[in-house]
Amino acid sequence: MSSVCLDTQQLKAFAERLARKQSIEPLQRAHVRDCEGCQSTLRQYIFLSASSENRQPALTLDAVPAPEPKPACPPSDIERGMLLGRYVVVNKISDDSTGVSFVAYDPELDRRVAIRVLRADQQTVEASAERERVLRDAQTLSRINHRQVIALFDVGHHGPHPFLVTLWLESQSLRAWLLGPARSTEEIVKVFELAGEGLAAIHAAGAAHGSFSLDTVLVGPLGTAFVAPFALTPLPVVAPPYRAVLDAAALRDAAQDQFDFCVALYEALYGETPWAGAAGEGAKKKLTERRAVGPPRLRMLPARTWQALKRGLSNEPLARFSSMEGLLAELKPSVRTGRAKLFQRAAFGVGLALVVGTASGLWARARQTQRCQRVPERFAAVWNEGERAKVHRALTLSSAPYAAETAARVESVFADYAAEWAQVFTRACLNAQVRHESESAVFDLQTDCLEMRRRELAAMVQLLAEGQVEVARATPAAQALTPPSVCDNTTVLKNGPARPLDSGEPNVAAELNAELAKVKALHDTARYADGLKVAAALLPKAARANVPSAIAEVNYWLGMLHSKMNNWAAAEPLLLEASLTAQAARDDRLAVLALSQLGRNTAAGRGAYEEAARYREQARALLTRLPDDGALASRLFFDWGMSLAPQGLKAEAVEVLGRALKLRTALWGDSRLETLEVLDALTWELGELGRFDEAYVLLERAQRARLTIFGPLHPMQTSGYFRFGQLYAKAGRLDEAEAQMRKATAHVEAIGQRDLFAALAYSNLTEVLVLKKNWPQARAAGERALELKRSLWGKDHPRMMASLTQLGQIALAEGQFEKALALSTEAVAIGKRAYPDDPYRYATDLIALGEAYAHLKKLAPAQAVFEQTLQSLPFDPGALEARVDATVGLASVLWSEPKNRAHARALIENLASTLSEVPRSALRETVDAWLKAHPFSRSM
């Protein structure tokens, strides 16, 4: 076997042959089967090759001539998940004549980047010259290290298409920034000063921008400006309108950049270029003459500032400033000039009588604008430096090695939340109070909505600051906050439930909302029992106040909390009541959520799949009249997919979960828990179907998301390792499965993890070692899992059953039948106490008990246990595997008595007939193997 890894071209050819079902060179095939590095790279190429068509890779077909290598797809056809060099494409941002921009993920440095792919399929002389210019500029820009210039990280090629990699910024174009809340003169000039510093840095490096405009400046959340050279900007670019009439031979230099800068500043201040209103020859004449025009009176500038701007707009390059620094020095007084001074100068300039009237109107508008832009003090009291310090101190008191990182992530989430809340409030206030674009009643609805978001954050901050939240739960809890952007959707608000104040009990309504926020916070931090206590006490208050929407929400959270505790019987009536009350209160959104969860619970708890489908269809009907952005639909698809899987409808579950993943990816990308939970579920179901190549790609994507959301030390990384191990085990790759499981247990011990995932890591390792028949190590891992569970939940908790049964089966394999019987008996006793009326919940443990009796030749109790198990199993696909195991166990016991062999054979033959339509070959193989090993004739 060759020990040399395959290069990129060989791996691409290898993947293409798999996709086309062509034979593989034996030495290459043998190497790839044993090389994890080549497998990892190959999986990417297999995914890309097979995704465009329904082609399934195969390793054993007759040889046919190798295909010609395919050219790289055009930039416009690059899709999510493709690789550009080492970068994984996340989303397309823009597409224009010169290239296509993407957001991508850099797996080596664990960060997002922006990639600009230049079109090589445009074969004109102009296109070729433009590409050469961009690459020359890229060399220059790579030497620029300035905080106001977007940094160039890397260059590469996708086939013939060159691409440039830059920093990705959560930002918007300067044009979009200006279209948001009203901006003062000082704010606008300050942003341009920052952008001008970036231009000056480009000029200092001996380059020129060449296309400075409102579209090539990016503005971050805090008002920081960054210059993006035209070829590197990730946003769609609108060419300045005056460009079409400029002389094509105009120099592309620093003086031209200065002119473009001043045109953009004029447009930002006054909403038009200095030569707006003219077209064709008239526009060209105005541009050629560059006649200086005074600024509109609406926004007065100090004389010095206007003179600087006019000089930058000069027709003669030599008449402009010698450098950007000179221009910026003249613009700066505008920042130091207060609003009062501006209006005072304007008053002296145009006449006292006129200005008194004008200024009073402008002052009134300005004061209202300032009030809208000032975040209400009640929100500042929720998240401020003092509260941040409390949260930080509470989280970092933990000895967990990931505590400091978690604190930083939580603080970042809350800071972003506060900024978004302020933006939504300001926008709503300006629309209602300044621009008069919305009614005051709508603004009232928006402020009610924002007040609920404030209370929600307040409840979460309080729990964290008081140290009532486990550090491991803090990041997902922070991400679970309802985004303030929901309050922007005025259509939903207007069609929603009546405002709480309409009930005539404003104080009671406010109290209910505050308590509901606390219930949600307790749910999101996994404090389910505490949440139940608060919600149960809240229900009579809501009933007395007669606020239907609050009654519906309390019932919803009671149902959700019972669901998280697997108490399906208690959850179902509460969720049903929540959906009915919500519909009566016109809260269709809450009704959809309740019905979606109700369908999932009904399927999981009682196996009532037809009933679950009816709940789902009711939710879908309600969803048709809601202006949903995809969040509700994705929740419905996710719950639907999770209810299909237990029915054995794996392919259908994959299709529905895929729809949920598409919606959530479009909404949030991969950096939210909502997307991660779908990735994990979809990976599992793909593995169940044997579609391992697709599952590997999604699982690697999920692991990157885990790193982004939680960081490398967080306990959630444990689940990432053992999920890989589970998938390898399903594929029969037991050595790789064991390696991943040992990574999981090593992570558990390294960070001192003591939770469900820690126990599952050892349970999964035990399962793999059982498959490898490594009984001593399997027993040690199983005992460690049981020890962890007992320390967390006590020896009588239902979670003990799986570990006890697992250890019992190891004891059987080692010939310790009495020990196996004792372990299985203990597991079944726990099941009977926990689920006295539902033996189905511990059917697996009953089967293990029956096997232990059978090995000890205690045939009567073995037969009784297997028969009890079969009676408890529902006739649905989700229970099929247990039914096969119990029937085979019973038949084997019956076979021990010659008089019962006909009955035993009949049981298995009947089972075989029911499996004829079931796409579960492993189950059919088990039954067929039993029939082959137990031949029967009437003469026996």
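**Figure 1. A buried alanine in helix α29.**
A residue counts as buried when its relative accessible area is under 20%. In this predicted model, A705 has a relative accessibility of 2%, so it falls on the buried side of that cut-off. You'll find A705 in helix α29, which covers residues 692-710. Leaving aside residues up to four places away in sequence, A705 touches D670 and L676. T675 is worth a look here too: it sits 30 residues from A705 along the chain, and the C-alpha atoms of the two are 8.7 Å apart.

**Figure 2. The whole chain, for orientation.**
Before the other close-ups, here's the overall picture. The protein chain has 940 residues, and 50% of them count as buried. Its secondary structure adds up to 40 helices and nine strands. Take the contacts between residues at least 6 apart in sequence: 65% of these join residues at least 24 apart.

**Figure 3. Six strands in an open sheet.**
Read across the sheet and the strands come in the order β1-β2-β3-β4-β6-β5, with antiparallel pairing. At the edges are β1 (83-84) and β5 (152-158), each of which pairs on one side only. As a rule of thumb for looking at such views, side chains in a regular strand alternate between the two faces of the sheet.

**Figure 4. The hairpin of β1 and β2.**
Now zoom in on one edge of the sheet. β1 and β2 (residues 87-95) run antiparallel and are joined by two bridges. Look across from L83 and you meet V88 in β2. Two residues lie between the strands of this hairpin, and G85 in the turn has a positive phi of about 65 degrees.

**Figure 5. From β2 through β3 to β4.**
Moving along the sheet, β2 and β3 make a hairpin too, with three residues between them. These two strands are antiparallel, with six bridges joining them; N91 stands opposite V103 in β3. Next comes the pairing of β3 (residues 99-106) with β4 (residues 111-118), again antiparallel, with eight bridges. D106 has R111 in β4 as its bridge partner.

**Figure 6. Two phenylalanine rings, edge-to-face.**
Searching the whole structure turns up 13 aromatic pairs, and this view picks out F192 with F261. How are the two rings arranged? Their centres are 5.5 Å apart and their planes meet at 80 degrees; planes over 60 degrees apart count as edge-to-face, so this pair is edge-to-face. The two residues come from distant parts of the chain: F192 belongs to helix α6 (residues 185-204) and F261 to helix α7 (residues 254-270), with 69 residues separating them. Both F192 and F261 are buried. F212 joins in as well, forming one aromatic cluster with F192 and F261.

**Figure 7. Helices α15 and α17 packed at an angle.**
A pair of packed helices is described by the angle between their axes and the distance between those axes. For α15 (residues 385-396) and α17 (residues 440-465), the angle is about 45 degrees and the axes are 8 Å apart. The two helices are therefore oblique to each other. On the α15 side, the contact uses E387, K390, V391, A394 and L395; on the α17 side, V461, L464 and A465. What kinds of residue make up this contact? Six are nonpolar, two are charged and none is polar.

Note on methods:
Residues numbered from 1 in each chain as written. Predicted model: local features only at pLDDT ≥ 70, side-chain atom pairs only at ≥ 80, totals over all residues. Heavy atoms only, no water. Axes fitted to C-alpha atoms, helices over the stretch in contact; angles between N-to-C directions. Helix = DSSP H or I, 4+ residues; strand = E, 2+ residues; numbered from the N terminus. Parallel < 35°, antiparallel > 145°, perpendicular 65-115°, else oblique. Contact = heavy atoms within 4.5 Å. Nonpolar A, V, L, I, M, F, W, Y, C, P; charged D, E, K, R; others polar. Pairing = 2+ DSSP bridges. Phe/Tyr/Trp six-rings, centres within 6.5 Å; stacked < 30°, edge-to-face > 60°. Buried < 20%, exposed > 50% of the residue type's maximum accessible area, 1.4 Å probe, protein only.
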